[in-house]
Amino acid sequence: MLSYKNISLFDEKIISTFSVMVCFIPIIFFLGPAIPDIIISLSSIFYIYLIFKYKGFDNLKDKLFVIFLLFWIFALISTVNSDFKNYLGSTIVYIRFIFFLLFVKFVLSKNYFVQKNIFKIISISLIFASIDGLIQYHFGTDLIGRKLAEKGQFRLSGPFESDEHILGFYISSFGFIALGYILELKLQKILKNVIFILTFILFFLIIFLSGERMAFLLFLFGIFIFIIFNLDNLKLISISIISIIFISALTFNYNEKSFGRVISIFDILGLNINQDIDTKRFRDSHYGSHYLTAIEMFNEKKLLGHGVRSFRYECSDIKYNNIDSSLKNLRCATHPHNFYLQILSENGIIGFSLFIFFLFIIIQDIYQRFIKNNYIFQGVVISIILFLWPLKSSFDIYNNRHSAFLYFSIMLTYIIFEKLKKLDIKKDF
């Protein structure tokens with residue numbers, strides 16, 4: 001068993017270095033996809049080195065690792081068996097993400113820097129990104145000189161690259177962790193509530209102004225989950241809801257174009273308060289054409305799928321011209337914008353089942369250890385739910401940047417488990 005007892009001082013120093021880098025990943029995300037991926041890759045390689053050097057092979061009996069390993073093996077098999085072997089290399093190195101999770105779980109057994117600082121750094125990075133986005137919106141340039149990008153219409157990028165419209169996604173994905181961290185601060189209740197409300201309004205406003213429709217919808221869903229978790233705190237909930245109404249009205253009057261773009265997501269989904277649900281509207285959208293193509297791809301190769309990242313090539317085949325969508329001529333993209341459908345179409349029912357089992361283990365761990373009265377834990381749980389929610393348009397599961405987001409959020413569950421175990425916080429149901 002790999003433990004700190006038999007690790008050399010030199011290796012401990014390297015572990016500490018990686019621990020600091022892992023903590024700063026939320027800020028390093030601003031620098032582009034390469035550096036976070038390098039940190040994840042190097043920490044994974046170093047963990048493999050530790051296993052072999054100290055004969056810690058028992059650590060690989062972790063059920064999370066075993067299921068992920070099987071998923072990875074079948075992803076390789078489906079890619080080798082496909083007509084699109086371009087991404088065999090990227091499929092091989094995809095295993096780095098599970099070694100990254102195992103490395104973080106190992107680090108938590110002794111190194112307390114991650115537990116102590118990660119949620120503080122997440123909160124600081126989110127607040128900075130939001131303020132930076134607000135400055136960019138008003139002045140056309142953010143604090144580090146990145147200009148407001150125009151792509152048909154103005155879109156906020158904040159501290160991210162100008163062509164990366166993920167600011168709203170970033171805030172909606174991790175925002176509730178920052179809000180939870182604020183509520184756990186040891187401050188006077190009035191001051192803490194004021195900071196919470198101002199931060200909540202800031203996050204909501206930036207997501208709205210970013211024009212990212214799905215991020216806005218997910219943030220609303222996150223608010224709903226937050227309310228369910230805190231039905232006994234009606235004062236805080238009431239202020240939050242009033243803030244939402246106020247910001248929505250203010251944004252509509254100030255920028256009707258952004259308001260119209262965000263609200264249009266309900267029409268794309270076939271939802272209209274004046275009409276019944278119309279699934280045809282969704283099928284006739286870009287998302288609908290992608291989803292239907294992915295389903296047809298799965299129907300063609302149910303067992304192993306078409307191979308990792310094959311959607312971008314296979315979707316143009318004329319055999320998919322008969323999908324029931326008026327936008328079938330626009331059905332192609334780099335991925336089907338739903339990672340469940342992506343895995344189903346590219347890795348088949350076997351790969352899909354193994355990935356679902358992998359997620360089930362994570363969800364089971366969260367359920368068994370869930371602590372309702374800790375706001376940071378609530379924030380982590382909400383973040384996981386928003387990442388894994390199947391009824392949404394989502395990222396390319398094999399994209400380096402988006403995979404880093406996903407596995408970083410999963411990593412946070414194990415950090416909060418260890419942090420609260422040290423604090424000996426009891427469950428409250």
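A residue is called buried when its relative accessible area is under 20%, exposed when it is over 50%, and partly exposed in between, using a 1.4 Å probe and protein chains only. By that yardstick Lys319, at 36%, is partly exposed. This is a predicted model, in which local features need pLDDT of at least 70 and side-chain atom pairs count only at pLDDT 80 or more, while totals for chains, interfaces and linings use all residues. Residues are numbered from 1 along each chain as its sequence is written, and side-chain values use heavy atoms, with hydrogens and water left out.

## The chain as a whole

Let us start with the overall picture. The chain has 18 helices and two strands; these are DSSP runs numbered from the N terminus, with helices (H or I) of at least four residues and strands (E) of at least two. Of its 429 residues, 55% are buried. About 19200 Å² of the chain is exposed, and carbon and sulfur atoms supply 66% of that area. Accessible areas come from the Shrake-Rupley method with a 1.4 Å probe, and for residues only the protein chains shown count as cover.

Contacts here mean heavy atoms within 4.5 Å. Among contacts with a separation of 6 or more, 73% are between residues 24 or more positions apart.

## The nonpolar interior

A nonpolar core is a set of buried Ala, Val, Leu, Ile, Met, Phe, Trp, Tyr and Cys residues joined through side-chain atoms within 4.5 Å. The largest one holds 125 residues, and the members that touch the most others are Phe119, Tyr170, Phe174, Phe358, Tyr407 and Leu412. Helix H18 (residues 400–423) gives the most to this core, contributing 13 residues. Another core, of ten residues, lies apart from it and includes Tyr291, Ala294, Ile323 and Leu341.

Tyr170 is a handy place to begin exploring. Beyond its neighbours within four places in sequence, Tyr170 contacts Pro26, Ile27, Phe29, Phe30, Ser125, Leu126, Ala129, Phe160, Gly175 and Phe405.

One of those partners, Phe160, sits in the loop between strand S2 (154–155) and helix H8 (167–183). Phe160 is buried, because its relative accessibility is 0%. Not counting residues up to four places away in sequence, Phe160 touches Phe29, Phe30, Arg146, Ile166, Leu167, Tyr170 and Arg401. The C-alpha atoms of Phe160 and Gly32 are 7.0 Å apart, although the two residues are separated by 128 residues in sequence.

Ile27, another partner of Tyr170, belongs to helix H2 (residues 25–28). With a relative accessibility of 31%, Ile27 counts as partly exposed. On the surface, Ile27 joins Val20, Phe24 and Phe113 in a nonpolar patch with about 280 Å² of accessible area together. Patches are made of residues with over 30% relative accessible area and no salt bridge, where like charges are joined within 9 Å and nonpolar side chains (Val, Leu, Ile, Met, Phe, Trp, Tyr) within 5 Å.

## Salt bridges

A salt bridge is a side-chain nitrogen of Lys or Arg within 4 Å of a carboxyl oxygen of Asp or Glu. The whole structure contains eight of them, and the table shows three.

| Pair | N to O distance |
|---|---|
| Asp37 and Arg96 | 2.9 Å |
| Arg312 and Asp396 | 3.4 Å |
| Lys319 and Glu314 | 3.1 Å |

Asp37 and Arg96 form a salt bridge. Asp37 is in helix H3 (residues 34–53) and Arg96 in helix H6 (residues 96–107), so their pairing ties together parts that are 59 residues apart in sequence. Asp37 is buried at 12% relative accessibility, and Arg96 is buried at 9%.

Arg312 pairs with Asp396. Arg312 lies in helix H15 and Asp396 in the loop between helix H17 (375–388) and H18, so this bridge links parts that are 84 residues apart in sequence. Arg312 is partly exposed at 21%, whereas Asp396 is buried at 2%.

Which residues join Glu314 in a salt-bridge network? Glu300 and Lys319 do, through salt bridges that share partners. Glu314 is found in helix H15 (residues 311–314) and is buried, with a relative accessible area of 7%. Setting aside neighbours within four places in sequence, Glu314 is in contact with Phe84, Met297, Glu300, His306, Lys319 and Tyr320.
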